[in-house]
Amino acid sequence: MVYLLHYFSSLHHAQHYLGYSQGVRDDHQQRIRKHANGTSGAHLPQAFYRQGIPFVIARTWWEGDRTVERKLKNLKNARLLCPICRVASLKSKAAYMKVWRSRRKVPAG
Ligand SMILES: [Zn+2]
């Protein structure tokens, strides 16, 4: 399984961790739990753990293997893969458009 962790605050410009876990459901849960308590051995989740920044599992690719993980990592933009960030950016875009439209209603001069 390939999974994407979304952290609630960014650290050194990173806010996501893309990982891979092998095995059955219990193995995946174990792996995620280790990220949560800083014992997974993966550098980034450990750094987040030390800062006390929590995460949610933003997305999973159940059929994903190492090749999928590599491909997704090569995109170098986990934000685009993250449904949480996508909703946030749509919301801020909507807010921006609202302001922009209301400004247009103000008569010039
Ligand atoms: Zn995200």
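Select Glu-69 together with Lys-73 in this predicted model, and you will find a salt bridge between them whose closest N and O atoms are 3.2 Å apart. Both residues belong to helix H3, where they stand 4 residues apart, about one turn of the helix. Now add Arg-66 to the selection, since Glu-69 also forms a salt bridge with Arg-66, this time with the closest N and O atoms 3.0 Å apart. Arg-66 and Glu-69 likewise both lie in helix H3, with a spacing of 3 residues, again about one turn of the helix. Taken together, Arg-66, Glu-69 and Lys-73 are linked in a network of salt bridges, and the count for the model comes to 2 salt bridges. Side chains of opposite charge can pair when their charged atoms come close.

With these three side chains still displayed, colour them by accessibility. Glu-69 counts as buried, because its relative accessible area of 8% falls under the 20% cut-off. Arg-66, by contrast, is exposed, with a relative accessible area of 53%, and Lys-73 counts as partly exposed at 32% relative accessibility.

Next, step back along the chain to Gly-64, which sits in the loop between strand E3 (55–61) and H3. Is Gly-64 buried or exposed? Its relative accessible area is 7%, so Gly-64 is buried. If you show its surroundings and leave out residues up to four places away in sequence, Gly-64 touches Met-1, Val-2 and Tyr-20. A distance drawn from Gly-64 to Pro-45, C-alpha to C-alpha, spans 20 Å in space, while the two residues are 19 apart in sequence.

Now turn to the nonpolar interior by selecting Tyr-3, Leu-5, Tyr-7, Tyr-17 and Phe-48, the residues with the most contacts inside the largest nonpolar core, which has 13 residues. Strand E1 (2–11), strand E2 and helix H2 (43–51) each give two or more residues to this core, and E1 gives the most, with 4 residues. Within this group, centre the view on Leu-5: apart from its neighbours within four places in sequence, Leu-5 is in contact with Gln-15, His-16, Tyr-17, Ile-32, His-35, Phe-55, Val-56 and Ile-57. A second, separate core of 10 residues can be displayed in another colour, and its members include Leu-4, Leu-81, Cys-82 and Cys-85. In soluble globular proteins, nonpolar side chains tend to be buried together.

The last stop is the largest pocket, which holds about 270 Å³ of space. Which residues should be selected to find its centre? Of the 15 residues that line the largest pocket, Ala-14, His-16, Tyr-17, Leu-44 and Ala-78 lie nearest its centre. Strand E2 (14–20), helix H3 (66–74) and helix H4 (78–81) are the elements that give two or more residues to this lining, and E2 supplies the largest share, 5 residues. Colouring the lining by residue class separates it into 8 nonpolar, 4 polar and 3 charged residues. Keep Tyr-17 highlighted as you finish, for this residue is listed among those nearest the centre of the pocket and also among those with the most contacts inside the largest nonpolar core.

Conventions
Residues are numbered from 1 along each chain as its sequence is written. This is a predicted model: local features need pLDDT of at least 70, side-chain atom pairs count only at pLDDT 80 or more; totals for chains, interfaces and linings use all residues. Side-chain values use heavy atoms; hydrogens and water are left out. On a 1 Å grid over the protein atoms alone, a cavity is a set of points where a 1.4 Å probe fits but cannot get out, and a pocket is an open set with protein on both sides within 12 Å along at least five of seven lines; lining residues have an atom within 4 Å of a point. Grid points are joined across faces, edges and corners, and a volume is the space filled by probe spheres set on the points. Ala, Val, Leu, Ile, Met, Phe, Trp, Tyr, Cys and Pro count as nonpolar, Asp, Glu, Lys and Arg as charged, and the others, Gly among them, as polar. A nonpolar core is a set of buried Ala, Val, Leu, Ile, Met, Phe, Trp, Tyr and Cys residues joined through side-chain atoms within 4.5 Å. Buried means under 20% relative accessible area, exposed over 50%, partly exposed in between (1.4 Å probe, protein chains only). Contact means heavy atoms within 4.5 Å. A salt bridge is a side-chain nitrogen of Lys or Arg within 4 Å of a carboxyl oxygen of Asp or Glu.
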